[in-house]
Amino acid sequence: MSDPTREVGPKILLRARGVEKSYKVGGAKLEVLRGVDLDVREGEILAVLGKSGCGKSTLLHVLGWLDRADRGEIVYDGRDHAKLPASERAHLRNRTMGFVFQFYHLLGELTALENVLVPAMIRYRPGTFGAQKRELHDRAKALLAVVGLGHRMGHRPTQLSGGERQRVAIARSLMNQPRFLLCDEPTGNLDGRTAEDVRTLLWDLNARSEQTMIVVTHDAKMADQAHRTVHLVDGRICGGEEEAPLVQELEL
Ligand SMILES: Nc1ncnc2c1ncn2[C@@H]1O[C@H](COP(=O)(O)OP(=O)(O)OP(=O)(O)O)[C@@H](O)[C@H]1O
Ligand SMILES: [Mg+2]
């Protein structure tokens with residue numbers, strides 16, 4: 001198991017300030033995020049913990065530009081989410097971000113292999129996709145093999161177990177080699193051994209390609225092995241502050 005012992009650089013890839021998000025249900029307003037402040041540095045693995053229903057998935061969707069915040073600022077790689085035209089936002093997201101959704105969101109009509117290929121189909125125009133078809137298929141197959149599903153490539157989601165669907169979703173999230181990966185309980189449905197394999201895969205990616213990751217998790221091992229852990233409590237981020245430099249401690 002590879003601990004993320006690699007130093008994380010100073011560059012902040014994602015900065016969130018005062019992020020608020022609420023839902024309207026039957027005329028009532030449910031405030032979920034109440035002023036989230038968070039910095040994620042490039043190359044960092046950040047674990048997000050919190051009670052069920054506290055808003056972790058909501059936070060991930062908002063940080064990954066899949067959903068809009070009601071208020072606040074989300075700046076990714078120097079670009080402010082709210083100030084980008086929708087097309088540019090979608091383009092940037094597709095090229096640089098990968099998502100592992102809590103409930104997978106696989107396309108039911110497609111096989112496991114085709115599901116993994118979807119981000120590449122969105123990224124490349126049909127002509128370009130066709131020209132690289134062999135290479136992209138090989139990559140998708142290799143990703144499925146890495147998550148232990150080399151023998152299930154032709155299965156549709158309903159023909160897969162929960163944990164297998166989760167692993168297809170993980171393979172799909174990596175298809176475009178994203179610089180920034182957002183994972184919502186990526187080991188939530190896996191047995192201990194498979195969860196360990198997924199952790200190893202993600203941590204190795206981080207070590208090899210300095211991929212930045214936010215991982216929402218209840219998996220204690222995953223949280224322990226992240227560079228930093230924060231908690232979402234009452235709609236705000238707690239903990240995970242940088243350790244005070246030694247000189248400041250001495251001054252106290
Ligand atoms: N689309 C929606 N419309 C209305 N309420 C929603 C919606 N999505 C989430 N909620 C509510 O917002 C709160 C936060 O939901 P969210 O899914 O972000 O929690 P979570 O921390 O990810 O929980 P879990 O650990 O169970 O996955 C919950 O109380 C939920 O019922
Ligand atoms: Mg959730």
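In the predicted model, ligand 1 is surrounded by 15 residues, of which Ser52, Gly53, Lys56, Thr58 and Gln102 come nearest. By residue class, this shell divides into 5 nonpolar, 7 polar and 3 charged members. Three elements, β1 (12–25), β2 (28–41) and α1, each supply at least two residues of the shell, and the largest share, 3 residues, comes from α1.

Several polar contacts to oxygen atoms of ligand 1 were computed. The side chain of Thr58 places an N or O atom 2.6 Å from an oxygen atom of the ligand, and for the side chain of Ser57 the corresponding distance is 2.9 Å. A polar backbone atom of Gly53 lies 2.8 Å from an oxygen atom of ligand 1. On its own, ligand 1 has 630 Å² of accessible area, 62% of which is covered by the protein.

Ser57 also takes part in the metal site: the magnesium ion (ligand 2) is coordinated at 2.1 Å by Ser57 through OG and by Gln102 through OE1. These two residues are 45 residues apart and link distant parts of the chain, with Ser57 in helix α1 (residues 56–63) and Gln102 in the loop between β6 (97–100) and α3 (112–123). Gln102, which is also among the residues nearest to ligand 1, has a relative accessible area of 25% and is therefore partly exposed.

A further residue examined was Glu196, located in helix α7 (residues 192–209). Glu196 counts as partly exposed because its relative accessibility is 22%. The C-alpha atoms of Glu196 and Met222 are 8.9 Å apart in space, and the two residues are separated by 26 residues in sequence.

Definitions and conventions. Residues numbered from 1 in each chain as written. Chains lettered and ligands numbered in written order. Predicted model: local features only at pLDDT ≥ 70, side-chain atom pairs only at ≥ 80, totals over all residues. Heavy atoms only, no water. Donors = N, O, S within 2.8 Å, 3.2 Å for Na, K, Ca; no water. Helix = DSSP H or I, 4+ residues; strand = E, 2+ residues; numbered from the N terminus. Buried < 20%, exposed > 50% of the residue type's maximum accessible area, 1.4 Å probe, protein only. Near = heavy atom within 4 Å. Polar contact = N/O pair within 3.5 Å; in protein donor to acceptor, adjacent residues only side chain to side chain. Areas by Shrake-Rupley, 256 points an atom, 1.4 Å probe, with all protein chains shown as cover. Nonpolar A, V, L, I, M, F, W, Y, C, P; charged D, E, K, R; others polar.
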